[in-house]
Amino acid sequence: AKLRLGIAGPAGSGKSYSGLLIASGLGGRIGVIDTEHRSAHLYADLIAGGFDVLELPPPFSPDNYVAAIHAFEISGVDTIIIDSLSHAWAGEGGALDMQGKIADKTGNSWSAWRSITPKHNALVEAMLQSPCNIIATMRSKMEYVQDGDGAKGKVKKVGLAPVMRDGIEYEFTIFMEM
């Protein structure tokens, strides 16, 4: 069985470095899909044996992520680190951006998801079906809930949530928060 690991956390919590350490412990060649402005290079001399980097610039469409995953599979890496998967959802050209542009043209935000959801699902399937170990980092945002009814309710912080489509944590064998 191949590892499917999701790591979520706020900026500076150690998602990228932890992913690299875990990948290093698994052994074999490591490939990093880097959407974080070359941040993987910060750790180049800290990981024994090094790793390959595929810098993924905008647009961060799910299709571009799938192509990057397949490129690493073809190149023979054993573990693919996607740093960060959040851009496929909330980045420039990501699913939310694509959906918003369709909704602006058609005036119907609900039906815009009809063409975006299959692209998102294809990305999830590419991660799940990959012959490589997959480690995906995700940014976290503060999650809030409203306690009580309407205007009388109080808003309170309930913790962190990954910047990604709801339920993404169920797609991983292991999901951890930093």
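**Salt bridges, backbone and overall fold**

D52 comes out as partly exposed, with a relative accessible area of 31%. The cut-offs here are under 20% for buried and over 50% for exposed, with partly exposed in between (1.4 Å probe, protein chains only). The model is a predicted one, so to speak of local features takes a pLDDT of at least 70, and side-chain atom pairs count only at pLDDT 80 or more, while totals for chains, interfaces and linings use all residues. Residues are numbered from 1 along each chain as its sequence is written, and side-chain values use heavy atoms, with hydrogens and water left out.

D52 has a charged partner: its side chain meets that of R29 in a salt bridge, at 2.6 Å from N to O. The pair links distant parts of the chain, 23 residues apart, with R29 sitting in the loop between helix 1 (15–26) and strand 2 (30–34) and D52 in strand 3 (residues 52–55). R29 is partly exposed too, at a relative accessible area of 36%. For a pair to count as a salt bridge, a side-chain nitrogen of Lys or Arg has to be within 4 Å of a carboxyl oxygen of Asp or Glu; by this rule the protein has five.

Another of these bridges joins the side chains of K119 and D63, at 3.2 Å from N to O. K119 belongs to helix 5 (residues 109–129) and D63 to helix 2 (residues 62–75), so this bridge ties together parts that are 56 residues apart in sequence. Both ends are partly exposed: K119 has a relative accessibility of 28% and D63 one of 39%.

The bridge between D97 and K101 (3.4 Å, N to O) stays inside one element. Both residues are in helix 4 (residues 95–106), and because they are four residues apart, about one helical turn separates them. D97 is partly exposed, with a relative accessible area of 25%.

Counting all charged side chains, there are 16 positive and 20 negative ones, and the centres of the two sets lie 5 Å apart. Lys and Arg are the positive set and Asp and Glu the negative one, with His and the chain ends not counted. Each charge is placed at NZ of Lys, CZ of Arg, CG of Asp or CD of Glu.

The backbone has a few spots to look at. The peptide bond from P58 to P59 is cis, with omega near 5°, and P59 is in the loop between strand 3 and helix 2. D83 and S84 are also joined by a cis peptide bond, with omega about 25°; S84 falls in the loop between strand 4 (79–83) and helix 3 (86–90). In the loop between strand 2 and strand 3, H37 has a positive phi near 55° without being a glycine, and it is exposed at 70% relative accessibility. R38, in the loop between strand 2 and strand 3, is likewise not a glycine but has a positive phi of about 70°. Its relative accessible area of 48% makes R38 partly exposed.

As for the whole protein, five helices and seven strands run in the order β-α-β-β-α-β-α-α-α-β-β-β. The radius of gyration is 17 Å, close to the 16 Å that the globule rule gives for 178 residues, so the protein is as compact as a globular one of that length. Of the 178 residues, 42% are buried.

Conventions: Helices (H or I, at least four residues) and strands (E, at least two) are DSSP runs, numbered from the N terminus. The radius of gyration is taken over C-alpha atoms; the globule rule is 2.2 Å times the number of residues to the power 0.38.
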